[in-house]
Amino acid sequence: MHKTSRLFLWVALAALLIFNLGASAHAQAPVELRFTWYNDGVEGQVLRGLLDQFEAKNPDIKVVVDTVAFKDLHATLSAQVEVDKGPDLARETEPQRYYGKLLDLTSYLSDPKSFSTVYSAALLNVLAGTQGGITGYPLDFTSSGPFVNVSLFKKANVAIPSDTNAKVSWTEWVEVAKKVRDATGVPYTVAIDRSGHRWFSSVLEYGGTFFDKDGKFTIDTPAFRKAAEMLIGWHKDGLAPLEVWAGGGSGYAAAADFFINQQVPLYYSGSWQVSNFDKVIADKFEWKAVPNPCDVTCTGMPGGGFVIAFKSSQHPKEVARVIDFLTSKDIAGKFAVDSRLLPARLDLAKDGLTYPTRATDLSTFLKAVTLTSDEAFRLQNHPLIQAVNVETRDRLSQVIVGEITLDDAIKKIQAKMDDLQAGKK
Amino acid sequence: MLRKRHPLQPRYAPYLFLLPNLIIFGVFVLFPALYNFYLSLFRGSSVFSMDFVGLQNYQQLIYQEDLFWRAVKNTLVFVAGDVIATVVLSLAIAMLLNRPLRFRAFFRSAFFYPVLLSPVVVALIWKWILQYQYGALNAVLAQFGLQKVPWLLNTNWSMTWTVAINIWSSVGFYSLILIAGLQSIPSVLYEASAIDGASPREQFWNITLPMLMPTLLVVVILSLIRAFQSFDLIYVLTNGGPGTSTLLIVQYIFRNAFEFRQFGLAAAASFLLAVVLLILTGAQLYLGRRVNDAT
């Protein structure tokens, strides 16, 4: 072989080797994104499956999902974000906790304009907050509502009132549930999540409002008192498990466990439990979602989860690519269907989704969304919703265990909200 | 002839030896304590964007925060119950296990064993025992035809059990300290007093207790500080509930900082707690010197 040709061959081989080494090093070290997540049901598994699809198409990005318990989510995430050591992405119910620390993805997303057409403006405003821009996307839509243990109703030979009557009041529900408890020997009649959010639905059903004409929180209303007396009475009379509402701070027993363990025939929670019950209860007993109790209104409380991105992320472009993928119509639809969640994308909600299981329960909640009152939306989207939730929950717990009176509780909640609105705390 | 100064000459050597500890103390104790006081003068939901408010957080704590005062009251009840019972029980156990007793080594290990457990494990075990519907203790009561008791759901019982469990988990440690103290008392004192006709009760009041006083003081101060700082066990066992019946000052601080993001208020409360602990430590030093001088 000619000397020049041999030299050329060696140079070509060396270049190929260097190229391959570089390429393999690049392939071995994709950008790693951290995604903090909590689970209500099977959504974590569904998300992982979708992210696996994403990673197969985008080998330069790896998404690590860190799952935490919902009750630890805010404390864990807040501490990390506070020192700019947060994840790249997180599933959150309260983006407002992180205003100022959220990443504006507008310049990185492939089609940021489409967000305003496929998501509700109110939810996008919650994400934009005080800093503006697109800081994530609404993941799912939820509505609070009750569940019944159909097997226990059948065993007790008691008819489920909502099967024949579209409007059933709280009083009627508790009366029939009491009959079921007495006939079946289960320890409790009714359980409700220890949450201001869930309990507010009963205030709204009694026709309650939360704001005066100037938009300031007004706690002391007849509906608030009526709903509070109902809740306190349930615990006083041993109808509801004390372990749930007597808990301190964020430490309490999960009301859902009493329903899952067939200790209570009537349980008030929300649409996010459908996937959880579908997985955990499976065919151990028959259960179903029923319409919200009706008094003056038949409303539940709206809600939902968000996926948010953080400013501290070193990889905003890759974060945007993940969000582009997860918000695409097909993927968002698959996520909602497989997770048994109500979609946050308006076009998916309008077109309707075909759920393989629990379709009737999910349609009950979809109907509940249409019955949600304006006051419920106004309350849920208020910047101080979390504060009023927590303060109400904790003060009602104090009343239930006999530490303070209902009058005291109302005064203290009002004082707290007045201070917060005046910007004192 | 001038001698070259060696860095390890007696004048400087102690400071050099103290330096590593001083650095660690400065970085992990002194600086955070001073920064905590600085934070207590600000208000806001982010430690990086807070407004200066002077002493308003202290004013709010003292005049507006009913839960702060409830936490103070609960802490005093908890500390008083815990320290008194711990000292009395650990003294009784120490005296019992200091005697020639069959299986003495076994009993000493049995009392010390809970000390080896993590507070979280202790809380989880007792939470299971005291659970209302399916707890072990209520199952035993049910066997005897007695009614179930909501041990951790009743405001009076919850504090009693919280104190009892805290004592159970630590009494072995203090007993061990007191056993060492008892064994350092010269036996000739007991022999001489026995010859003089002193009864066991007189020996206890006139020999054991005075001679054990420095050790007892250490036990009192250690258990006092430990009680004031109790967090993990209560966080898992009751998390301050039912209602706020076991909400101690440390839980109050944690809740305000990490649940409500009121960092300034939490910093003010923890500064006040630090002042109380500083006073207690000062009292320990003062009393320790007096007791040492007396003995």
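## Pairing of strand β4(A) and a helix crossing in chain B

In chain A, β4(A) and strand β8 (residues 302-309) are joined by seven bridges in the antiparallel sense; strands count as paired if DSSP finds at least two bridges between them. Strands are DSSP runs of E with at least two residues, helices are runs of H or I with at least four, and both are numbered from the N terminus. This is a predicted model, in which local features need pLDDT of at least 70 and side-chain atom pairs count only at pLDDT 80 or more, while totals for chains, interfaces and linings use all residues. Residues are numbered from 1 along each chain as its sequence is written, and chains are lettered from A and ligands numbered from 1 in the order in which they are written.

The table gives bridge partners of β4(A) residues.

| Residue of β4(A) | Partner | Strand |
|---|---|---|
| Tyr137(A) | Val307(A) | β8(A) |
| Phe141(A) | Leu342(A) | β9(A) |
| Val148(A) | Leu266(A) | β6(A) |
| Val148(A) | Lys288(A) | β7(A) |

Strand β4 (residues 136-149) of chain A has 14 of its 14 residues buried, so it is largely enclosed by the rest of the structure; buried means 20 or more other C-beta atoms within 10 Å of the residue's own, with C-beta atoms placed from the backbone.

In chain B, helix α5 (residues 119-130) and helix α7 (residues 155-183) pack at about 130°, with axes 11 Å apart. Axes are lines fitted to C-alpha atoms over the stretch in contact, and angles run from 0 to 180 degrees between N-to-C directions.

Methods: A residue is buried if 20 or more other C-beta atoms lie within 10 Å of its own, exposed if 12 or fewer, and partly exposed in between; C-beta atoms are placed from the backbone.
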